[in-house]
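Hello,

I have a structure to hand over to you, and I hope you enjoy exploring it. Please open it first, and then read my notes with the picture next to you.

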Amino acid sequence: MAFQQLVRFEHDGKISYGELLQTTSTGYNVKELSGSPFKSLIATENTYSVSKLLCPLESTPIILCIGLNYKKHAEEAKLTPPPYPVVFVKPADALAGPHDDIPIHPDTQSHLDYEGELCVIIGRDAKNVSEESALGYVLGYTIGNDVSARNFQLPDVSGGQFCYAKSFDKFAPIGPAIWSTSLVPDPQNLVYETRLGEEVVQKTGTEDMIWTVRQIIAHLSRGTTVRKGTVIMTGTPSGVGFFRKRFLKDGEVVSVEVEGLGGIANKMVFEQK
């Protein structure tokens with residue numbers, strides 16, 4: 001079967017994939033699916049009410065990230081975009097669920113930042129993909145937060161690399177669902193926002209991207225196999241905390257939501273030394 005809103009959930013100690021049917025005041029109604037989204041999914045007869053959704057992916061081979069990919073973000077950073085996308089990676093253990101607490105190591109607490117991002121889930125292995133065929137390799141889309149420890153990212157500390165500052169465990173929450181390509185026929189026609197509590201700190205249309213989803217997939221797959229299950233974080237818009245001089249505090253909740261589809265909300269939990 002083709003899914004519309006693919007989720008993962010736990011019921012009676014069993015973790016399953018499911019089709020999200022409804023969001024309620026107390027949780028979610030889901031139809032259980034058997035199988036794998038990368039092979040086949042079969043609807044069961046079971047429908048459950050659950051209070052929490054898990055990360056929509058059980059695991060990922062890698063999280064590929066694009067930096068400086070929104071025109072207004074490049075303007076606020078006073079940076080000129082290079083001719084090719086800025087690429088960095090997060091490891092698999094950075095993956096987290098849509099409502100997971102994010103543990104923050106003491107050494108990353110001073111300049112902790114958020115980056116709301118549209119995420120692409122690759123559905124089958126891709127290599128040397130053309131822009132024209134790129135969307136045919138997409139399993140679906142979700143929303144994420146590229147959590148960043150800026151104190152390890154600043155050029156005079158990092159030498160200009162991004163990976164270490166963004167690679168701590170659970171620094172890439174995504175969800176709540178993977179939305180099908182039929183629900184999102186054009187990834188350049190979405191609106192999403194990032195909130196700290198009730199305050200909107202980022203809001204963008206994906207038409208502001210410098211490199212489109214098609215261009216990103218083609219670039220990343222040039223001479224390189226992008227494995228199924230790979231998460232691509234496509235970049236953040238303007239409004240990050242670094243340029244607001246406003247970093248995250250212990251207990252703050254960062255929400256990122258796509259208009260008309262859904263979102264994530266994750267609490268930052270500072271660990272003690």
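Let's begin with a hairpin: strands β17 and β18 form one with 3 residues between them, and Gly260 in that turn has a positive phi of about 85 degrees. Before we go further, please keep in mind that this is a predicted model.

**Around β17**

The two arms of this hairpin, β17 and β18 (residues 262-270), pair in the antiparallel sense over 6 bridges. If you would like to find one of these pairs on screen, look for Val258, whose bridge partner in β18 is Gly262.

β17 has another partner as well: 5 bridges join β14 to β17, and these strands also run antiparallel. Here Arg195 is a handy residue to click on. Arg195 sits in strand β14 (residues 191-196), and its bridge partner in β17 is Ser255. Is Arg195 buried or exposed? Its relative accessibility is 18%, and the cut-off for buried is under 20%, so Arg195 counts as buried. You can also see how the fold brings parts of the chain together: Arg195 and Tyr114 are 81 residues apart along the chain, and their C-alpha atoms are separated by 9.6 Å.

**The start of the chain**

Now turn to strands β1 (residues 5-11) and β2 (residues 14-23), which run antiparallel and are joined by 6 bridges. One pair to look at is Arg8 with its partner Tyr17 in β2. The hairpin of these strands has 2 residues between them, and Asp12 takes a positive phi near 55 degrees there.

β2 then pairs with strand β3 (residues 28-36), again in the antiparallel sense and over 6 bridges. The link from β2 to β3 is a hairpin of 4 residues. In this pairing, Gln22 has Asn29 of β3 as its bridge partner.

**Some backbone details**

Which residues are joined by a cis peptide bond? They are Gly175 and Pro176, with omega at about -5 degrees. You will find Pro176 in strand β13 (residues 172-180).

Two residues that are not glycines are also worth a visit for their positive phi. Asn128 has a phi of about 50 degrees, and it lies in the loop between β10 (116-122) and β11 (138-145). Lys245 has a phi of about 55 degrees, and its loop runs between α5 and β17 (253-258). Are these residues buried or exposed? Exposed means over 50% relative accessible area, so Asn128 counts as exposed at 53%, and Lys245 counts as exposed at 75%.

**The cysteines**

How many disulfides does the model have? The count comes to 0. To see why for Cys55, look at its closest cysteine sulfur, in Cys119: it is 10.0 Å away, which is too far for a bond, because a disulfide needs two sulfur atoms within 2.5 Å. Cys65 is in no disulfide either, as the nearest cysteine sulfur, that of Cys163, is 7.9 Å away. Both residues are tucked away from the surface: Cys55 is buried, with a relative accessible area of 9%, and Cys65 counts as buried at 0%.

**The largest pocket**

Rolling a probe the size of a water molecule over the atoms shows where empty space is left. The largest pocket holds about 460 Å³ of space. It is lined by 23 residues, and the closest to its centre are His73, Leu79, Arg150, Gln153 and Phe162. The elements that give two or more residues to this lining are β5 (63-67), α1 (71-77), β6 (86-90) and α5 (241-244). By class, the lining has 12 nonpolar, 6 polar and 5 charged residues.

**What the record says**

One last item comes from a database. For residues 63-268, an unreviewed UniProt entry lists "domain: Fumarylacetoacetase-like C-terminal". In the model, this span is 13% helix and 35% strand, and its end C-alpha atoms lie 21 Å apart.

Happy exploring, and do write back with your questions!

Best wishes

Note on methods. Residues numbered from 1 in each chain as written. Predicted model: local features only at pLDDT ≥ 70, side-chain atom pairs only at ≥ 80, totals over all residues. Heavy atoms only, no water. 1 Å grid on protein atoms, 1.4 Å probe; cavity = no way out; pocket = protein on both sides within 12 Å on 5 of 7 lines; lining within 4 Å. Points joined across faces, edges and corners; volume = space filled by probe spheres on them. Nonpolar A, V, L, I, M, F, W, Y, C, P; charged D, E, K, R; others polar. UniProt positions renumbered as here; feature names shortened; annotations may be inferred. Buried < 20%, exposed > 50% of the residue type's maximum accessible area, 1.4 Å probe, protein only. Pairing = 2+ DSSP bridges.
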